[in-house]
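Visitor: I'd like a close look at just one part of this protein, please. Could you pick a spot and walk me through what surrounds it?

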Amino acid sequence: MAVRAAGFDTETKLDGSPVTIADQRAEKIIEDGLHALAPEIPMIGEEAVADLRIPQCGDLFFCVDPLDGTRGFAQGGDEFTVNIALVGQGAPTMGVVFAPASGELYAGEPGRAVKAKYDPMTGAEIVALAPIHAAHETPQQWRIVASEISGRNPETDAFIAALNGVSAHASSSIKFCRLAEGAADLYPRFGDVSEWDAAAGHAVLTAAGGGVMRLDGSPLRYGDRDGGFLIHGFMAFASAAAASAARDVLKR
């Protein structure tokens, strides 16, 4: 937030994605904090990977995106997030998603997902941590969340149409959190996305009673170092009924 207030330049990484000094400074703060907390656990961070600092993942590692939604951040938007996940045996077991501009915090661990809100300027608590739960009742019309900035393409529009769903906009990992708090039922992502874009939101949604699967219906696993930590599309769902409805469309 200090970087945004002071002004900044946006650079382009080798993969074509944007990066700012806010991404780099935030990742350094997070990396130092996680090392102090658990020095034995390696961290896979977006900017570290871009700099070719890629440790062996092993069975337990942190997966971090210091600024998810850099493009929107650079354009002055408020829906960027900080994503931190702990991955064990290929599955996100704990996760935190924080939106600095709004002060919204979502967190999850096995069996418990919570939400809180803090003052973006002071960090003072505005709304205390409270449990959240994904919606498990089948709605009259499926509520599908997608981004207008990235990830929206003809496949997404066709998926929404096939389910006769109503769509809502959200950016970055907030989309996972909308499912986790019961405000949406499905979040489709067609096309590649990096593991650090999904791991924390995946953990929060799983803790809230939902889940994430690959587009072929198989479990989504993390730590694909050889594959560049890329996920080739996924489907996030709030309930078994939502997952089943999505599978039916994906099989067509």
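**A serine and its surroundings**

Guide: Let's start at Ser-173, which is buried, with a relative accessible area of 0%. Keep in mind that this is a predicted model. Where along the chain is Ser-173? You'll find Ser-173 in the loop between strand E11 (166-169) and helix H6 (174-180).

Now check what Ser-173 touches. Leaving out residues up to four places away in sequence, its contacts are Asp-68, Thr-81, Asn-83, Val-97 and Asp-197. Two of these come with side-chain polar contacts. The side chain of Ser-173 makes one of 3.0 Å with that of Asp-68, and another of 2.9 Å with the side chain of Asn-83.

Those partners lead us to the sheet, so to speak. Asp-68 belongs to strand E4 (60-68), and both Thr-81 and Asn-83 to strand E5 (81-88). Val-97 sits in strand E6 (residues 91-99), while Asp-197 is part of helix H7 (residues 195-207).

Zoom out to the sheet itself. Seven strands make it up, in the order E3-E4-E5-E6-E7-E8-E9, and it is an open sheet with mixed pairing. Which strands sit at the edges? They are strand E3 (43-45) and strand E9 (125-131), each of which pairs on one side only. On average, and ignoring direction, neighbouring strands here are turned by 15 degrees against each other.

Helices pack against this sheet too. Helix H2 (residues 21-37) touches E3, E4 and E5, and its direction makes about 150 degrees with that of E4. Helix H7, where we found Asp-197, lies across E3, E4, E5, E6, E7 and strand E8 (112-118). The direction of H7 runs at about 100 degrees to E6.

Back to Val-97 for a moment. Its strand, E6, pairs with strand E7 (residues 104-109) in the antiparallel sense, over five bridges. What stands opposite Val-97 in E7? That's Tyr-106.

Tyr-106 is a handy stepping stone, as it is one of the residues in contact with Arg-178. Arg-178 has its place in helix H6, the helix that comes after the loop of Ser-173. Leaving aside neighbours within four places in sequence, the other contacts of Arg-178 are Glu-104, Ala-170, Ala-183 and Ala-184. There is also a polar contact of 2.9 Å between the side chains of Arg-178 and Glu-181. For a sense of distance, take Leu-86: 92 residues separate Leu-86 and Arg-178 along the chain, and their C-alpha atoms are 21 Å apart.

One more stop, back at strand E4. Cys-63 lies in that strand, and at 1% relative accessibility Cys-63 counts as buried. Cys-57 is buried as well, at 6%. Why don't Cys-63 and Cys-57 form a bond? Their sulfurs are 8.3 Å apart, and that is too far for one. In fact, the structure holds zero disulfides.

Methods:
Residues numbered from 1 in each chain as written. Predicted model: local features only at pLDDT ≥ 70, side-chain atom pairs only at ≥ 80, totals over all residues. Heavy atoms only, no water. Pairing = 2+ DSSP bridges. Helix = DSSP H or I, 4+ residues; strand = E, 2+ residues; numbered from the N terminus. Axes fitted to C-alpha atoms, helices over the stretch in contact; angles between N-to-C directions. Contact = heavy atoms within 4.5 Å. Buried < 20%, exposed > 50% of the residue type's maximum accessible area, 1.4 Å probe, protein only. Polar contact = N/O pair within 3.5 Å; in protein donor to acceptor, adjacent residues only side chain to side chain. Disulfide = S-S within 2.5 Å.
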